[in-house]
Amino acid sequence: MDSDSAAVLATASKVENVDDLAELLRHLRRRQARRRGEPPLTYRELAGRTGWSHGSIGGYLTGKIVPPADRFDELVQLLDAAPEELGALADARDRVEEHARSDARDRVEEHARADESGPAEQAADPSVPHQLPAAPDAFTGRAAAIARLDAAVNGATEGGTVVVIGTAGVGKTALAVHWAHRVIERFPDGQLYVNLRGFGAAPEVTADEALRAFLTALGVAPDQVPAELDARIGLFRSLLTGRRVLVVLDNAAHAEQVRPLLPGGGSGSLALVTSRNQLAGLVATDSAVPVTLDLLTAGETRRLFATRIGAARVEAEPAAVDAIAGTCARLPLALVIVAARAAAHPDLPLGVLAHELRTERVLHDAGVRPVFDWSYQRLSAPAATLFRRLSLAPGPDVGRDAAAALLGEVHGEPAGAWRALAELTHASLLTEHAPGRFVAHDLLRAYAAELSGTLDGPADRDAATVRLLEHSLHTAHTAALLLDPHRTPLPGLPAAATPGTEAQALAWFAVEHHTLLAAVREAAATGHDGHAWRLAWTLVDHLDRRGHWPDLLAAQRVALASARRAGDVAGEAVSAHQLGRACIRMGDYDAAATHLELALDRYGHVGDDAGRARVHGNLGFIADRQARPRDAIGHLLRSLDLLRATGDQAGQGSALANLGWLYAASGEHREALDHCHQALELQQRIGDRTGEAYSWDSIGFIHHQLGEHEPAVECYRQALELWREIGDRYGESETHTHLGDLHRAAGADAEARACWLAALTILEDLGHPDADQLRARVA
């Protein structure tokens with residue numbers, strides 16, 4: 001037995017799950033390629049030899065599917081497994097299947113236990129989304145509304161839409177989330193949730209944004225979410241076909257915000273919508289079932305207090321409870337705040353609370369406002385200060401560290417802020433809707449903003465805003481440098497000392513996406529122009545990688561205007577440069593050239609040769625796209641000279657590769673190969689995988705031009721592998737296009753069409769204008 005077989009047998013003996021099994025199959029595939037001296041078999045080649053679908057092959061090799069026994073045996077033999085390896089490989093597959101069956105049995109038993117004991121917290125299943133907020137504490141009453149919801153879902157065996165309608169503070173969200181947890185077992189394929197923010201100070205969540213989040217939760221890779229709204233709607237409804245998913249759409253403002261988020265007819269999924277508005281359009285044209293939520297009854301009010309402070313106290317002072325309910329206008333939002341204070345002071349008579357509410361001066365009529373005033377006045381000084389300042393935070397919610405910055409705890413452990421957050425949460429003035437993320441009801445946020453405007457001086461408000469912007473900027477700057485270590489840091493902003501990874505940076509940007517975009521706008525609106533353009537700079541790689549090009553364009557427009565107002569020439573150079581790049585992504589080359597020429601001028605004023613070099617590279621790209629190869633080569637040569645003078649190795653590699661491409665396009669193939677191989681050697685030495693992918697693509701193109709088919713194919717495959725590892729779908733689409741051109745030139749029309757279709761799919765998903773040209777080529 002050779003060492004390779006011994007390694008396979010040792011690995012097979014350790015296989016425990018589907019991911020292990022997939023890695024074992026990939027190992028066999030790589031070993032076969034090494035032994036034969038050929039590239040690994042592609043999914044398409046394996047599909048062609050087996051007759052199975054491309055998707056099945058991908059599922060087996062990526063750990064999404066356990067192969068059936070007969071298919072597994074055929075696959076490992078196709079991958080040149082030795083006879084002495086077959087038994088161990090089959091045992092490994094059977095072991096994985098048995099573990100999967102055992103897990104399934106455990107899930108069934110757990111569901112059975114949940115059915116016996118009522119709604120219970122279920123074990124997390126990574127195959128389905130579980131996005132519901134935590135069930136509200138001590139929910140009580142609402143029997144009539146729950147019965148109407150039950151009737152609606154019982155009568156909608158093929159799915160449908162239910163709309164819970166009611167005034168602000170009446171408890172629509174609490175009812176929706178409570179009922180969703182109550183029927184969770186009826187939707188075994190997942191639960192999706194989004195707060196559409198239809199009535200708060202923060203911008204509404206658009207259907208585009210909500211669909212991106214839903215698709216990601218349903219397993220679509222973030223960079224594979226279609227750019228066009230219609231494409232997102234189609235993909236969303238396709239993924240729900242044949243599945244039972246509950247989609248909770250909270251705080252909707254109007255029907256147009258909701259309609260794209262509804263599951264398709266007959267899908268078996270249900271949409272549950274809450275709104276202060278009637279949403280008559282959904283009822284009239286989408287067959288939505290309306291459920292109107294009224295104020296709490298006297299009995300429901302007493303039960304609410306009993307569940308939170310104990311039945312004995314309520315029975316001892318029923319008149320006081322009725323008086324409190326009258327002052328609170330029987331609105332749950334206000335009643336819960338009073339109950340929270342009563343629970344925190346078990347020896348305080350309810351009559352005293354009722355007297356306080358009735359006699360203390362309030363600014364407006366009865367309802368939630370007097371309760372807000374009464375509760376706020378009983379906060380500690382730090383909690384009261386933080387409550388007011390939270391209204392200054394942009395975005396839909398706030399994290400612990402951001403709260404500490406608002407409170408002024410910018411150094412050391414933010415213990416004071418964390419205690420204040422806990423106090424506000426216990427007083428029901430805040431909700432911790434996700435670990436470490438806090439949100440206030442929009443009525444409470446508006447109340448806090450009014451208090452801040454009245455009680456906090458302009459200097460205090462501005463100082464808190466600056467601290468929050470500084471916190472966001474420093475953290476985002478650190479994350480941006482993790483995404484691209486070769487990027488030149490912003491002056492005066494060293495990366496934080498805490499180490500991190502690229503994956504952590506991506507996850508942080510995903511959580512803070514809306515907050516950071518709002519921070520850019522808020523910084524510009526409040527006169528903090530330096531923060532505005534710098535924050536926009538930190539977002540470039542995150543927005544570009546994820547295909548958020550309209551957001552990238554909007555943020556850089558704000559950045560450039562801010563830098564101009566501030567008279568910051570360096571900021572104007574950076575922002576004009578990034579705005580030009582955003583315009584390139586959107587296919588507006590004329591606008592891009594205008595912004596890049598401005599950046600070139602401003603970089604010249606501040607003596608930033610590295611910046612000038614990169615702008616020349618972008619101008620060269622535009623000239624190439626506009627069929628001006630000599631102009632493009634001129635820009636790249638100027639870029640390379642500047643980069644060599646500044647010692648920027650990553651930039652030199654990129655310029656060399658681009659020059660190679662341009663020389664090849666001009667027919668100067670030997671000159672082109674020389675430049676590309678210089679680039680490849682440099683990029684491999686410094687670990688620039690993106691640059692290396694570009695260089696392999698360019699070398700493949702040159703071999704194509706020289707009529708050297710096999711070397712070209714191998715280079716393109718190297719590039720594709722790198723693009724997929726990096727997650728750069730646009731680069732992947734370019735290489736697919738070039739590989740298709742190569743196959744077409746060789747007369748392999750079917751292979752060419754397959755490559756072009758792969759590229760077209762990516763470009764359509766990204767909403768890139770090149771899709772039109774490629775679509776015509778495919779046709």
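Biologist: How many helices and strands are there in the protein?

Modeller: There are 38 helices and 8 strands. Keep in mind that this is a predicted model.

Biologist: And what share of the residues is buried?

Modeller: Of the 779 residues, 49% are buried.

Biologist: Contacts next. What part do residues 24 or more positions apart play?

Modeller: Take the contacts with a separation of 6 or more. Residues 24 or more positions apart account for 65% of them.

Biologist: On to the sheets. In what order do the 5 strands of the parallel sheet run?

Modeller: The order is β2-β3-β4-β1-β5, and the sheet is open. At its edges are β2 (191–195) and β5 (289–292), each paired on one side only. Neighbouring strands here are turned by 15° against each other on average, ignoring direction.

Biologist: How many bridges join β1 and β4?

Modeller: There are 6 bridges, in the parallel sense, between β1 (residues 160–165) and β4 (residues 270–275). As one example to look up, Val-163 stands opposite Val-273 in β4.

Biologist: Which strands does helix α9 lie across?

Modeller: Helix α9, residues 207–217, lies across β2 and β3 (246–250). The angle between α9 and β2 is about 155°.

Biologist: Now the 3-stranded sheet. What is its order, and is the pairing parallel or antiparallel?

Modeller: The order is β6-β8-β7, in an open sheet with antiparallel pairing.

Biologist: Which strands stand at the edges there, and why do we call them edges?

Modeller: They are β6 (398–399) and β7 (431–434). Each has a single partner strand, so one side of each has no neighbour in the sheet.

Biologist: What holds paired strands together, in general?

Modeller: Strands of a sheet pair through backbone hydrogen bonds, either parallel or antiparallel.

Biologist: Back to β7. How many bridges does it make with β8?

Modeller: β7 pairs with β8 (residues 437–439) over 3 bridges, in the antiparallel sense. Within that pairing, Thr-431 has Val-439 of β8 as its bridge partner.

Biologist: Let's switch to helix packing. At what angle do α2 and α5 pack?

Modeller: Helix α2 (residues 18–36) and helix α5 (residues 69–78) pack at about 30°, and their axes are 9 Å apart. Angles under 35 degrees count as roughly parallel, so α2 and α5 are roughly parallel to each other.

Biologist: Which residues meet there?

Modeller: From α2, Leu-21, Leu-25, Leu-28 and Gln-32. From α5, Phe-72, Leu-75, Val-76 and Leu-78. By class, the contact has 7 nonpolar residues, 1 polar and no charged ones.

Biologist: Cysteines now. How many disulfides does the count come to?

Modeller: The count comes to 0 disulfides.

Biologist: Why is Cys-676 not bonded to Cys-715?

Modeller: Their sulfurs are too far apart for a bond, at 9.6 Å, although Cys-715 has the closest cysteine sulfur to that of Cys-676. A disulfide needs the two sulfur atoms within 2.5 Å. The view from Cys-715 agrees: its nearest cysteine sulfur is that of Cys-676, and Cys-715 is in no disulfide.

Biologist: Are those two cysteines buried or exposed?

Modeller: Cys-676 is buried, at 0% relative accessibility. Cys-715 is buried too, with a relative accessible area of 7%.

Biologist: One last residue. Where is Arg-388 found?

Modeller: Arg-388 is in helix α19, which covers residues 381–389.

Biologist: Is Arg-388 buried or exposed?

Modeller: Arg-388 has a relative accessible area of 10%. Buried means under 20%, so Arg-388 is buried.

Biologist: And what is Arg-388 in contact with?

Modeller: Leave aside neighbours within four places in sequence. Arg-388 is then in contact with Tyr-376, Ala-448, Leu-451, Ser-452, Leu-455 and Asp-456.

Note on methods
Residues numbered from 1 in each chain as written. Predicted model: local features only at pLDDT ≥ 70, side-chain atom pairs only at ≥ 80, totals over all residues. Heavy atoms only, no water. Helix = DSSP H or I, 4+ residues; strand = E, 2+ residues; numbered from the N terminus. Buried < 20%, exposed > 50% of the residue type's maximum accessible area, 1.4 Å probe, protein only. Contact = heavy atoms within 4.5 Å. Axes fitted to C-alpha atoms, helices over the stretch in contact; angles between N-to-C directions. Parallel < 35°, antiparallel > 145°, perpendicular 65-115°, else oblique. Nonpolar A, V, L, I, M, F, W, Y, C, P; charged D, E, K, R; others polar. Pairing = 2+ DSSP bridges.
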